[in-house]
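Good morning. I will take a few minutes to go through one structure, and you can follow along on the screen.

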Amino acid sequence: MIEPVADLPSSLEPLLERFREGKVTALARAISVVENERTGFQALLHRVLSAGPRAARVGFTGPPGAGKSSLLAGMAAAYRRQDERVGVVAVDPTSPFSGGALLGDRIRMNDLATDPGIFIRSMATRGSLGGLATTTKEVLDLIDAFGIERVLVETVGVGQTELEITAAADTVVVVLVPESGDGIQAMKAGLMEIADIFVINKADRPGADRLVKEIRQAMHLRAGSALKDVPAHHGVDLSRVVAKRRSRDVALETGTWTIPVLKTVAQTGEGVDGLLDAVSRHREWMAETSELVLRRRARAGTRIRDVVDRELRRVAWKSPSVQAGLEDGLDRIAKGSATPYSVAGAILEGLLGSRASR
Ligand SMILES: Nc1nc2c(ncn2[C@@H]2O[C@H](COP(=O)(O)OP(=O)(O)OP(=O)(O)O)[C@@H](O)[C@H]2O)c(=O)[nH]1
Ligand SMILES: [Mg+2]
């Protein structure tokens, strides 16, 4: 059966208490409980999330080796100088992101790793499509609920993950490097759709200015008000398509948020101040408009769907009658008296009643 979310197992009560007292060991422990989906993990999340999101969440994505970790470490160090606590989550099993390997500059990273004001967690992608697993987003929520002001999350942009980062972060920084191809490539990869801020890192290498220019041009094309007044074309009313797009895009088109295209040399820290400034301006813009509220609402919607999916799956495949129906169905398929669809239909009908037989 689905456990009622309000029932926190008594074994987790002390953990909740220590979490609320701000013990870092309790945060780490709560994360393991959630990652391993231990009994009561949803109840634990329910208890700690009641205050709603507060942290400023910044997501970094971009091709492997673009300098995401270096930039992130530079930002983390700056926030620490302002005495803000920082949570860092790296989502990628192949990322050399454990302790000292975060930065090319090991000394600086060692400072970060031993700083009690920085909480670092490295996670493998476990989403079935290579996207951010639901548990990854739940870990971000835990860090937020713990009261850490800044949450920085890094994902390698190699597909679904970079799109999902928008569901996990308030501000998305897309990091490219001169050699990562032209601006049109970035647009094709869908990065244009998710970037709140573009960073061209490794600006010490040739081609950075060209890439900046190309991205700006590509953005003009995309935000191009040309679309707005174009009459219906091939049966598609483009103005309606525009109206349906995310509010962020509308804001972009009306010019209230202009995506900055910044140059950095993360290795030396050059341009990191500009990035900090852009992130803080973006946050102010989101707070002034209804954007932050909308993004958080979208995030909650995604979470509800994820949790319902996860529970449906869990309940379905744990049920003995479903398992029996599956085995029996496989036998019938072997005999030629059923197909995977008729078996699935029967299983669904058993679970959901006649509604399933549509
Ligand atoms: N020349 C140059 N090298 C840089 C710069 N920033 C980072 N690097 C180097 O590029 C390499 C990759 O940097 P990371 O910060 O690990 O990049 P990443 O995007 O986090 O890499 P993955 O997590 O593996 O995808 C390291 O050797 C850095 O020292 C830069 O601005 N200029
Ligand atoms: Mg990295």
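**A walk through the model**

Let us begin at Arg150, which sits in strand S4. Before going further, please keep in mind that this is a predicted model. Is Arg150 buried or exposed? Arg150 counts as buried because its relative accessible area is 16%, and the cut-off for buried is under 20%. The side chain of Arg150 has polar contacts to look at. One, at 3.2 Å, is with the side chain of Glu84. Another goes to the side chain of Tyr79, at 3.5 Å.

Now the ligand. Which residues come nearest to ligand 1? There are 19 residues around ligand 1, and Gly67, Lys68, Ser69, Ser70 and Glu154 are the ones that come nearest. Some side chains can be looked at atom by atom. In the side chain of Ser70, an N or O atom lies 2.5 Å from an oxygen atom of ligand 1. For the side chain of Lys68, the distance from an N or O atom to a ligand oxygen is 2.7 Å. For the side chain of Gln267, the corresponding distance is 3.2 Å.

How much of ligand 1 does the protein cover? On its own, ligand 1 has 650 Å² of accessible area, and the protein covers 82% of that. Two elements give two or more residues to the shell around ligand 1: helix H4, residues 68-81, and strand S4, residues 150-156. Helix H4 gives the most, with three residues. Strand S4 is also where we started, with Arg150. Sorted by class, the shell holds six nonpolar, eight polar and five charged residues.

Next, salt bridges. How many does a search of the whole structure find? The search finds 19 salt bridges. I will go through three pairs and then a network.

The first pair I will show is Glu35 and Arg121, whose closest N and O atoms are 2.8 Å apart. This pair links distant parts of the chain, with Glu35 in helix H2, residues 24-35, and Arg121 in strand S3, residues 118-123. The two residues are 86 residues apart. Both Glu35 and Arg121 are buried.

The next pair is Arg283 and Asp170, whose side chains meet in a salt bridge at 3.1 Å, N to O. Here too the pair links distant parts of the chain, 113 residues apart. Arg283 is in helix H13, residues 272-288, while Asp170 is in the loop between helix H7 (160-168) and strand S5 (171-176). Why is Asp170 called buried? Its relative accessible area is 0%, and buried means under 20%.

The last pair on my list is Asp209 and Lys263, with a salt bridge in which the closest N and O atoms are 2.6 Å apart. Asp209 lies in helix H10, residues 208-223, and Lys263 in strand S7, residues 261-263, so this pair ties together parts that are 54 residues apart in sequence. Asp209 has 52% relative accessibility, so Asp209 counts as exposed. Lys263, at 41%, counts as partly exposed. The cut-off for exposed is over 50%.

That leaves the network. Arg57, Asp141, Asp144 and Arg303 are joined into one network by salt bridges that share partners.

Now to the surface. Which residues form a nonpolar patch there? Ile304, Val308 and Leu312 do, and together they have about 290 Å² of accessible area. Ile304 is part of helix H14, residues 291-318. Ile304 is classed as exposed because its relative accessible area is 56%.

Finally, two pairs of residues that are separated in sequence. Leu49 is in the loop between helix H3 (41-48) and strand S1 (56-62). With 30% relative accessibility, Leu49 counts as partly exposed. How far is Leu49 from Glu138 in sequence and in space? In sequence they are 89 residues apart, and in space 9.8 Å, C-alpha to C-alpha.

The other pair is Arg281 and Trp257. Arg281 belongs to helix H13, which also holds Arg283 from the salt bridge with Asp170. Arg281 counts as partly exposed, at 38% relative accessibility. Arg281 and Trp257 are 24 residues apart in sequence, and their C-alpha atoms are 9.4 Å apart in space.

That is the end of the walk. Thank you.

Definitions and conventions
Residues numbered from 1 in each chain as written. Chains lettered and ligands numbered in written order. Predicted model: local features only at pLDDT ≥ 70, side-chain atom pairs only at ≥ 80, totals over all residues. Heavy atoms only, no water. Near = heavy atom within 4 Å. Polar contact = N/O pair within 3.5 Å; in protein donor to acceptor, adjacent residues only side chain to side chain. Areas by Shrake-Rupley, 256 points an atom, 1.4 Å probe, with all protein chains shown as cover. Helix = DSSP H or I, 4+ residues; strand = E, 2+ residues; numbered from the N terminus. Nonpolar A, V, L, I, M, F, W, Y, C, P; charged D, E, K, R; others polar. Patch = residues over 30% accessible without salt bridge, like charges linked within 9 Å, V, L, I, M, F, W, Y side chains within 5 Å. Salt bridge = Lys/Arg side-chain N within 4 Å of Asp/Glu carboxyl O. Buried < 20%, exposed > 50% of the residue type's maximum accessible area, 1.4 Å probe, protein only.
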